[in-house]
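Biologist: I would like to learn how to read helix packing in a model. Could you walk me through a case?

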Amino acid sequence: MNIFVRFLKNNLSFTMLTALLLALATALCCIGFSAWFSVKKQISDISSGYTTVAVPIQTSEAWFSLEMDAEHFPLVNDERRFPYVKYEDTRYLMGAFVKDTKSVVTIEKNKVGSYRLFDMYSNALAVVAAKCVKIENEHSKTNILEPDENGIWESKSIDVDSYTAKFSVLEIVALNDSFSDYPMKTVTLGGLYDADCKLPYEEGKTYLLFGAVEGIPYTFDYNENLEAVFVIDEANVSDQFICYDPNDLPGRSLLFNVERVKGDAETYFYVNKSERLPFCAEYNSSVQAFLESEEGSIWKDTIIPMCKLNYSSGSVVLTDNVKSILGFCRGNYFILDGRTISEEEYNAGSKVCLVSASWASKNGIKVGDWIDVELYETKTLSISAPKPVRVGENDDSLTRVVCVKEPLKFENKAALSEKYEVVGIYSAPEFEFGAYEFDANTFFIPNKAYTGTKSNDSLDSNVGLYSVIIENGMQEEFENELDKLGFGGAFAYFDGEYGAAEGALDSAKENSERMFIVGIVSFIVAVALFLFICSHSMNKSVIGARLLGVKSSTVKNEFCKAVSILAVLGVVIGTCCGLILFNSVTAKLISNEIMLPVIPELLCGTVLAAVTVIAVFFMSKKISNSNLMQRK
Amino acid sequence: MSAVLKISLSLLWRRRTQSILLIALVALIVAVSFYLSGIAYYEETAIEKMINSTDINCIVTDARGMNSSKLSMSSVLVQSILGVFEDDDNRISEFVKDVHAMGVVFLTYPDGMEMHRIYDFASDKMLCEFEGAKIELFDGFTEDIFKTSEQVCIVSDSVEPEYDTENNPVISIGLERKKTQLRIVGTISNSESNVIYVPLNFQWEKDASELFLVDSCTFTIKDNNRLEEAKNEIYKLFAKPDLLNGYDSKPFAVVVQDDTYLESLDGLRSNLRMVRVLIPILTVLTVAIGFFASYLFTKGRIKEFAVQRCLGLKRRRVFFDIIGQQTLLAVIGYIIGLLVAVITKSIHDIYSIPNTLLLLAIFISGASCSAFMIAKVNPIILMKTED
């Protein structure tokens, strides 16, 4: 039998005490490790509740110099990998049709004047049957910007032919319910010609007209609180229809395909080149008969359904993190009910969405409901809307930015109808001008939920679609990096009060590290003591065995085995003690917020056992090779 | 130096490896004890700092929480928040700070002008850096003037001012029958030219008390330690936003944006609780290691004490010799541990020193137990003991 094992057996108190010494040190180390491991995870969870965001400042010159296009701008591509950037949220704006719902219309919210731009290409689309009663031709000069032969843009004056056509309304064919309270008796159109530059109307004839309701004519009045309130301008309420918006100009047409064409006599015409969307069609008998005819099929099958499609439409913002949107950063967008989209849902591209409180309220949608969403590719334009001023007029010199998207068109359907779960209802200003704003018909969906082709052409005109998520607490460092490149001041930073919590989080992290260090140091000292005591106590046995002629390698092996068994026993007891102590303490006093780190703790115990055995091995080597002749 | 002390020292010197290890052990126990006692203190201080420095935003919305920008809310509510109308039932102003509020008035004169009542520059989104507005106040005026009810304003730098009798720049404004002249105290560039910014509590007639409408209002909680109390006060006057709310009793609601703060605070407090519970455990384990080490070391010298007993030393003498030697090592270790704690700035208060002295006593008691057991046994038996 191994003489050292026998020694341990014969000296049970020594064996127990040394094993206990090592067990205590192991328990200490395991608890320190568990605390460090748990706190690290806990702090990571807390930190993930904070998002530090850099939002572009649209007025910053530095921002414009950042080459804000999809190819060059991203901060994290291989060529321009910025430090401290976690990821960029390059958002995509798409159109969406939501089955069995109605969009929120500005007029319902008493928003008038240039607020009509929010509805222009969706809720305000309409088709009416009307009789042309009067046409007045117009000829004017206008200044346009055009590139010369060398490609340099220059201003030149051109002659433009135009007209004003008045119609009396015979039948409303398609009109959003929200506008139906305001009787439409006459409509005025103007300016747009057929593709061959011919005047599309003749007096006395009947036409189907397609366009957008301009908005309800209104004036301001003052109530008893001297608050300005809008009042319907009854005198003009019946005359409110236009074919195309002045913003629907060549190169940026959203509804039709408007082009400026030079006519025979050095004059220009604005013509509709769209093959699929005519803005008028003459009919002779009844509207119904015309719609049933071959000529009317485009109206019956495309235009009228398209109008109805757009009454249930909205914008979808595909995002990787709604918290990085300025409104949410500032706090004026917030989750009113339910929750925000989780990180797992963003990563998995889950079919979940956030809807606005106004839209949810209008459609009776609650958190947990599922909505049918059909996605459409839509061009988006950031246009300057004249600011409404007091007397029912817009002041063209004062403009505010509004982001408008083209109507949903069947040919632009990007994805089949899919069900999305409403996980949260957010509150936000319903219709607010500004480059960073989204209207009440906006849905936020994880970017990965739509896997089709995405285009972010609108990024250069809408700074609200871009932000950078940086590591918490690193905004200063990030700004310094940008500053070095001459882009300082391009971003504003929001950390959701992480700065205030940072000290406490750091302190918690440092404390867990301290506990771990204390555990390790104590363990090292305890192992040193253990080895010293063992070697000191068994020294006589070693010398005795060696003097009796036992080979040093045999002594080494036997010593190593016996002490290793003792060491492993101590470490196993210590690991179990640490596990039980830590978990019983944390479970009873701290509930389940601190995770049970069983596997890491077992790993820690294994490592400690291995370290101790290695130390024992070296110790046994040393003790077995001691010089027998020259001992003190 | 007495002969006994000399012998003790020479004994300790002969066992210097053992002595150094024991000194190191005591030093470690003492340093760890100081180190651990500081942990909770620092974390508690950091959490307290977080509580005091976190701004919890509160946003006034309509009762359903759907809108926060065009509220048309009576100025009475904002003045309650500001503490103008404080009474026993309404102590909301005690609990809030950094109030931002604004209201828009469409003036009849000059035609097309808007008057924005603001409590400070942060009250109006159009004055923030994103919109590129740059405000320049004239000498002698600060932003605080917007917290008064003075008849002053700031206007776009493109506005041509009039001048009063004292040659101060002024602008005349009117709303229906009301007319007054405002002193211009600053200008704004890169902003809308048809907006005049006046103090929130601006009155058309001096010393009059007029009601007006406020479009938006936000504020922060003054003392986060009294968050619940503050919320109770807020919800006396305002509703909690809910899509099912009516507009009858409380037409306006307040969203208290404290979710992240509370989650973090809960997490950090649970962490602190864990630290507080683990510290005594870690300390006890450290001390237990010291106790057993001390005991084992002393027990290892059993032959030596047996010889001393055979040479005629009394039990008590042997016992006190052992205690003396261990105490000497422990005191040296304690001093080293204390120095380490001072160097690493682990001592946060003087009250932790008695605790470490107690640990020292526990360590010495380990040796005492061993010494007591050795001293009371017959020396012949001691000599025969194998270990």
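Modeller: Gladly! Two packed helices are described by the angle between their axes and the distance between the axes. In this predicted model, helix α1 (residues 3-10) of chain A packs against helix α2 (residues 12-48) of chain A at about 95°, and their axes lie 5 Å apart. Because of that angle, α1(A) is roughly perpendicular to α2(A).

Biologist: Which residues make the contact?

Modeller: From α1(A) come A:Phe7, A:Leu8, A:Lys9 and A:Asn10, while α2(A) supplies A:Leu12, A:Phe14 and A:Thr15. By character, the residues of this contact of α1(A) with α2(A) are four nonpolar, two polar and one charged.

Biologist: And how many helices and strands does chain A have?

Modeller: Chain A has twelve helices and 24 strands. Of its 632 residues, 55% count as buried. Now take contacts in chain A between residues at least 6 apart in sequence: 78% of them join residues at least 24 apart. The accessible surface of chain A is about 27,200 Å², and carbon and sulfur atoms account for 52% of that.

Biologist: Let's zoom in on a single residue. Is A:Lys366 buried or exposed?

Modeller: A residue counts as exposed when its relative accessible area is over 50%. A:Lys366 has 55% relative accessibility, so A:Lys366 counts as exposed.

Biologist: Where is A:Lys366 found, and what does A:Lys366 touch?

Modeller: A:Lys366 sits in the loop of chain A between α8 (357-363) and β18 (370-376). Leaving aside residues up to four places away in sequence, A:Lys366 touches A:Val422 and A:Ile425. For a sense of distance, A:Gln475 is 109 residues from A:Lys366 in sequence and 37 Å from A:Lys366 in space, C-alpha to C-alpha.

Terms used
Residues numbered from 1 in each chain as written. Chains lettered and ligands numbered in written order. Predicted model: local features only at pLDDT ≥ 70, side-chain atom pairs only at ≥ 80, totals over all residues. Heavy atoms only, no water. Helix = DSSP H or I, 4+ residues; strand = E, 2+ residues; numbered from the N terminus. Buried < 20%, exposed > 50% of the residue type's maximum accessible area, 1.4 Å probe, protein only. Contact = heavy atoms within 4.5 Å. Axes fitted to C-alpha atoms, helices over the stretch in contact; angles between N-to-C directions. Parallel < 35°, antiparallel > 145°, perpendicular 65-115°, else oblique. Nonpolar A, V, L, I, M, F, W, Y, C, P; charged D, E, K, R; others polar. Areas by Shrake-Rupley, 256 points an atom, 1.4 Å probe, with all protein chains shown as cover.
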